[in-house]
Amino acid sequence: MDVESKSGRSFVRARAALVAGSLGLLLAVGGCGASGDSMDSGAKAADGKAAPREGFADGDGGAPASAAPEEQAAGKKAAPKPGGTHVIRTATLSVEVKSVPKAVAAARGAAEGAGGLVASENTERLDDTYETSHLVLRVPQERFQEVLRELAGSGKLLSRTSNAKDVTDQVVDVESRIATQRASVARVRELMDQAEKISDVVALEGELSSRQSDLESLLAQQASLKDRTSLATITLDLTPPDAPGDDGSKDEDPGFLDALGGGWDAFVTMLRWIAVAFGAAFPFLLTAALAVVVWRVLRKRKAARGAAPVVTAAPAGKGGASAS
């Protein structure tokens with residue numbers, strides 16, 4: 001009995017050891033597989049290139065692809081993001097210089113030396129000696145402050161104004177709308193290639209023309225924004241100094257000759273106005289004079305008729321018969 005009990009116990013122990021070894025082997029194999037999966041998923045997460053499930057957006061897990069931005073839904077082409085801020089810079093300077101032509105040449109050289117250009121120039125001569133000039137300069141944004149300081153230091157600065165307007169949001173919006181509009185034009189072209197009826201082709205041609213017109217308008221806006229954000233605008237007014245000796249010393253009390261000259265000018269002006277007034281009233285005066293003359297003539301005739309003598313019979317002579 002003791003031998004049988006001992007052998008039974010040994011069998012049970014051996015069976016338990018075999019089961020424990022099998023479980024350990026299974027656990028080891030499962031641990032290796034889990035570690036391999038975790039390493040693969042970690043590598044994919046580190047590279048950031050884990051492919052999303054079909055029909056779902058990246059990194060969303062449960063959001064459908066239709067919840068992506070409008071550009072991806074329309075043309076699956078997101079608008080390119082700008083490399084930085086986009087700013088429109090403008091400035092206005094008024095400088096008093098000794099020689100306007102030399103200052104104009106220097107301003108032109110400063111703008112062209114910075115990689116810009118002279119957009120417009122308007123020079124006006126005041127007299128035989130003095131002239132003024134109005135220039136509009138376009139310079140690159142990165143050289144804007146440098147050129148501005150150079151122009152302000154070319155003479156006596158009278159006034160200066162500067163303005164900067166951030167249009168980054170507008171640039172991004174226009175680029176996004178251009179991408180969407182291009183995708184829309186491409187879709188209409190595809191529909192035109194598939195159309196079989198003439199009525200469908202005509203309708204699609206009208207739609208394509210409208211969308212291409214909108215696209216060209218957006219492209220023009222983009223070009224304008226690019227020009228204004230890449231080149232700053234400087235408006236420069238150059239004026240000469242006051243005439244030599246014009247320091248206010250001539251503002252003295254008027255003398256006798258000045259008063260005589262002023263009086264003569266007033267007298268001549270009065271005579272001129274009197275002549276003008278007489279010329280304007282002359283037709284009326286002439287008409288009134290003729291009316292008076294005619295009235296007096298008629299009055300005299302009437303008076304002459306009223307004062308005519310009465311004719312009586314002459315006395316009869318001797319032996320003659322008397323008039324009855």
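## A helix pair and other salt bridges

D173 and R177 sit 4 residues apart in helix α5 (residues 168-194), about one turn of the helix. This is a predicted model, in which local features need pLDDT of at least 70, side-chain atom pairs count only at pLDDT 80 or more, and totals for chains, interfaces and linings use all residues. Residues are numbered from 1 along each chain as its sequence is written, and side-chain values use heavy atoms, with hydrogens and water left out.

Let's start with the overall layout. The protein chain has 7 helices and 5 strands. Here helices (H or I, at least four residues) and strands (E, at least two) are DSSP runs, numbered from the N terminus. Along the sequence, their order is α-α-β-α-β-β-α-β-α-α-β-α. Of the contacts with a separation of 6 or more, 74% join residues 24 or more positions apart; a contact means heavy atoms within 4.5 Å.

Now for the charged pairs. How many salt bridges does the structure hold? There are 6 salt bridges, each being a side-chain nitrogen of Lys or Arg within 4 Å of a carboxyl oxygen of Asp or Glu. The table shows three of them, including the pair in helix α5.

| Salt bridge | Closest N and O atoms |
|---|---|
| R125 and E131 | 3.2 Å |
| R143 and E146 | 2.7 Å |
| D173 and R177 | 3.6 Å |

How covered are these residues? Buried means under 20% relative accessible area, exposed over 50%, and partly exposed in between (1.4 Å probe, protein chains only). E131 has a relative accessible area of 13%, so E131 is buried. R143 counts as partly exposed because its relative accessibility is 28%, and its partner E146 is partly exposed at 37%. In helix α5, D173 is partly exposed at 38%, as is R177 at 42%.

Over the whole protein chain, buried residues make up 19% of the 324 residues. The accessible surface comes to about 24,200 Å², and 58% of it belongs to carbon and sulfur atoms. Such areas come from the Shrake-Rupley method with a 1.4 Å probe; for residues, only the protein chains shown count as cover.

Finally, look for W264, F267, M270, L271 and I274, which make a nonpolar surface patch of about 520 Å². Patches are made of residues with over 30% relative accessible area and no salt bridge; like charges are joined within 9 Å, and nonpolar side chains (Val, Leu, Ile, Met, Phe, Trp, Tyr) within 5 Å. One of the patch residues, F267, lies in helix α7 (residues 256-306). F267 counts as partly exposed because its relative accessibility is 38%.
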